[in-house]
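Okay, thanks for having me on the agenda. Let me put the sequence and the structure up, and then I'll walk you through it.

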Amino acid sequence: MIKQAALVLGLMALAACADKAPVTANQMPDEPAVAMIAKGIAMPAGYKVDPARTLIFGTDETWTGRLSYSTKSSAEDVFEFLHKEMPNFGWAELSSMRSDASVLTFTSDATNRVATIHIGRGSMLGSTAVDLVVAPKQSGKTPPTARPR
């Protein structure tokens, strides 16, 4: 669990170092990683990838990393869209929390991955920010137990 958290934090730190213009779903990006990021994931119409905050490792439907994007849809609409559409891509919902910063967690047995999605409320410019972190599931490991002192 600590290793996964360190990996995710490392991915976020590396992604913060990039400085590139946004890429939209309708453009043909030069980077193969950006071209395949939506594969195996439900993406709302009109999303715009934030490559400065996106860091993807791997290809096809086995990639891991963080995909950050914005959309003109409201946070509520994005939540409902992902809640409804992610199962159509083979993801099963584990948990969800709807609030000012909503969170959805999904798992995929087919690809042995977990996806955690953070949906922020829309900005003054009317866009909703979404951070999607996908990581491999830990299998066969039991969580550490508390030891009496």
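So, R53 first: at a relative accessible area of 33%, R53 is partly exposed, because buried would need under 20% and exposed over 50%. Keep in mind that this is a predicted model. What does R53 do with its side chain? It meets the side chain of D131 in a salt bridge, 2.7 Å from N to O. Now look at where the two sit: R53 is in the loop between β2 (48-49) and β3 (55-57), D131 is in strand β8, and so the pair ties together parts that are 78 residues apart in sequence. And is D131 buried or exposed? D131 is buried, with a relative accessible area of 18%, and the cut-off for that word is under 20%.

How many salt bridges does a search of the whole structure find? Five. I'll show you two others, since they share a residue.

That residue is R121. On one side, the side chains of R121 and E76 meet in a salt bridge at 2.1 Å, N to O. E76 belongs to helix α3 (residues 75-85), while R121 is in the loop between β7 (113-120) and β8, so to speak a link between distant parts of the chain, 45 residues apart. On the other side, R121 and D100 form a salt bridge through their side chains, with 3.6 Å from N to O. Here again distant parts of the chain are linked: D100 is in the loop between β5 (92-97) and β6 (101-108), 21 residues from R121. Put together, E76, D100 and R121 make up a network of salt bridges. As for accessibility, E76 is partly exposed at 36%, R121 is partly exposed as well at 35%, and D100 is exposed at 59%.

Let's go from D100 into the strands next door. β5 and β6 run antiparallel, paired over five bridges, and a hairpin of three residues joins them. If you want a register mark, M97 has V103 in β6 as its bridge partner. On to the next pair: β6 and β7 are antiparallel too, joined by eight bridges. There the register mark is L104, whose bridge partner in β7 is I117. These two strands also form a hairpin, with four residues between them, and for those of you who like backbone torsions, N112 in that turn has a positive phi of about 55°. How covered is β6? Mostly: six of its eight residues are buried. As a general reminder, side chains in a regular strand alternate between the two faces of the sheet.

I117 brings us to the inside. The largest nonpolar core has 23 residues, and the ones that touch the most other members are I41, L67, L82, M86, I117, I119 and L132. Which elements supply at least two residues each? β4, α3, β6, β7 and β8. Of these, α3 gives the most, with four residues. Take L82 as an example: leaving aside neighbours within four places in sequence, L82 is in contact with A42, Y69, P87, L104, F106, I117 and I119.

Another residue to click on is V130, in strand β8 (residues 128-136). V130 counts as buried, at 1% relative accessibility. Beyond four places in sequence, the contacts of V130 are L67, S68, Y69, V78, I117, H118 and I119. Also, the C-alpha atoms of V130 and S70 are 5.9 Å apart, with the two positions 60 residues apart along the chain.

You'll have heard Y69 in both contact lists. How many aromatic pairs are there? One. The ring centres of Y47 and Y69 are 5.8 Å apart and the planes are at 65°, so the pair is edge-to-face, given that over 60 degrees is what earns that label. Y47 is in the loop between α2 (32-35) and β2, and Y69 is in strand β4 (residues 64-71), which puts them 22 residues apart. Both rings belong to buried residues: Y47 at 12% and Y69 at 4%.

One last ring and I'm done. R113 has its charged end over the ring of W63, 5.7 Å from the centre. That's my tour, happy to take questions.

Terms used: Residues are numbered from 1 along each chain as its sequence is written. This is a predicted model: local features need pLDDT of at least 70, side-chain atom pairs count only at pLDDT 80 or more; totals for chains, interfaces and linings use all residues. Side-chain values use heavy atoms; hydrogens and water are left out. Buried means under 20% relative accessible area, exposed over 50%, partly exposed in between (1.4 Å probe, protein chains only). Contact means heavy atoms within 4.5 Å. A salt bridge is a side-chain nitrogen of Lys or Arg within 4 Å of a carboxyl oxygen of Asp or Glu. Two strands pair if DSSP finds at least two bridges between them. Rings of Phe, Tyr and Trp (its six-membered ring) pair if their centres lie within 6.5 Å; planes under 30 degrees apart count as stacked, over 60 as edge-to-face and the rest as tilted. A charge sits over a ring if NZ of Lys or CZ of Arg is within 6 Å of the ring centre and within 35 degrees of the ring normal. A nonpolar core is a set of buried Ala, Val, Leu, Ile, Met, Phe, Trp, Tyr and Cys residues joined through side-chain atoms within 4.5 Å.
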